[in-house]
Amino acid sequence: MTTCVQELRAGQIMTKTLVCVAPNQDLEDVETLLIEHRISGVPVVDRGRLVGILSRTDIARVKVLANSLDGQVTDQMSSGDHADGFQHDAQAEFQGFRQTITTLKVKNAMHDRVVTCTPDSLVSDVAESMVRHQIHRVIVVDRDRPVGIISSLDMVKLVAGSDSVFARK
């Protein structure tokens with residue numbers, strides 16, 4: 001029996017095998033984890049409860065900011081505009097913020113406001129939330145505990161009519 005898309009529930013299409021991270025995990029380790037699992041985002045869980053979400057975009061944003069700040073400091077250091085009026089030797093490129101990236105934790109880059117749904121939520125409502133919030137994943141929760149995830153790729157598979165893909169999850 002075929003289910004009408006308008007009747008589908010989140011629990012029917014969600015990926016149940018979740019890769020989760022903790023707020024105190026090293027950001028660099030999580031970046032590797034995302035690549036290894038071929039995923040673009042993960043729920044952040046503390047003591048079994050959902051506390052945030054982290055994506056590759058969030059990690060990239062932190063890196064771009066650090067590089068930009070280092071560039072600004074380097075430019076100021078090498079501008080030659082010194083208050084003492086003397087010529088100074090060229091200084092090495094400043095890398096203080098880039099160095100800081102290696103010490104950052106998930107909690108430093110994650111978003112703590114997560115768009116969620118329940119297993120009983122209509123898939124059409126989940127899709128609407130994804131569009132409204134311009135996000136690529138919604139965490140499926142039972143109370144505050146993550147039980148699945150629906151990604152934009154899941155939605156594309158649904159539209160493409162890949163029912164067999166969801167049966168394997």
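Strand 3 and strand 4 (residues 137-142) run parallel and are joined by two bridges; strands count as paired if DSSP finds at least two bridges between them. Helices (H or I, at least four residues) and strands (E, at least two) are DSSP runs, numbered from the N terminus. This is a predicted model, where local features need pLDDT of at least 70 and side-chain atom pairs count only at pLDDT 80 or more, while totals for chains, interfaces and linings use all residues. Residues are numbered from 1 along each chain as its sequence is written, and side-chain values use heavy atoms, with hydrogens and water left out.

**The sheet**

- Strand 3 belongs to an open sheet of three strands, ordered 3-4-5, with mixed pairing.
- Strand 3 (116-117) and strand 5 (145-151) sit at the edges with a single partner strand each, so one side of each has no neighbour in the sheet.
- If you want to find the parallel pairing, look at Cys 117, whose bridge partner in strand 4 is Val 140.
- Strand 4 and strand 5 go the antiparallel way, over six bridges, and Val 141 stands opposite Pro 146 in strand 5.
- Those two strands, 4 and 5, make a hairpin with two residues between them, and Arg 143 in the turn has a positive phi of about 65 degrees.

**Two helices with a buried side**

- Helix 2 (residues 27-37) has Leu 27, Val 30, Leu 33 and Leu 34 buried (under 20% relative accessible area; exposed is over 50%, partly exposed in between, with a 1.4 Å probe and protein chains only).
- These buried residues span an arc of only 110 degrees around the axis, which puts them on the same side of helix 2; the arc is taken from the directions from the helix axis to the C-beta atoms.
- The usual background: an α-helix has 3.6 residues a turn, so residues three or four places apart point the same way.
- Over on the other side of helix 2, Ile 35 and Glu 36 are exposed.
- Helix 5 (residues 123-133) buries Val 123, Val 126, Ser 129 and Met 130.
- Viewed down the axis of helix 5, the buried residues fall within an arc of 115 degrees, so they line one face of the helix.
- Val 131 and Arg 132 are exposed on the other side of helix 5.
- The cover over the buried residues of helix 5 includes helix 1 (10-13), strand 3, strand 4, strand 5 and helix 6 (152-160).

**Two buried residues in strand 2**

- Gly 52 is part of strand 2 (residues 49-55) and is buried, at 0% relative accessible area.
- Gly 52 and Met 110 are 58 residues apart in sequence, yet 6.1 Å apart in space, C-alpha to C-alpha.
- Leaving out residues up to four places away in sequence, Gly 52 touches Pro 43, Val 44, Met 110, His 111, Asp 112 and Val 114 (contact means heavy atoms within 4.5 Å).
- Ser 55, also in strand 2, is buried at 9% relative accessible area.
- With residues up to four places away in sequence again not counted, Ser 55 touches Leu 34, Ser 40, Gly 41 and Arg 137.

**Positive phi values**

- Most residues other than glycine have a negative phi.
- Arg 38, which follows helix 2, has a positive phi near 55 degrees.
- Arg 47 sits in the loop between strand 1 (41-46) and strand 2, with a positive phi near 55 degrees, and is exposed at 74% relative accessibility.
- Gln 134 comes just after helix 5, with a positive phi of about 55 degrees.
- Gln 134 lies in the loop between helix 5 and strand 4 and is exposed, at 73% relative accessibility.
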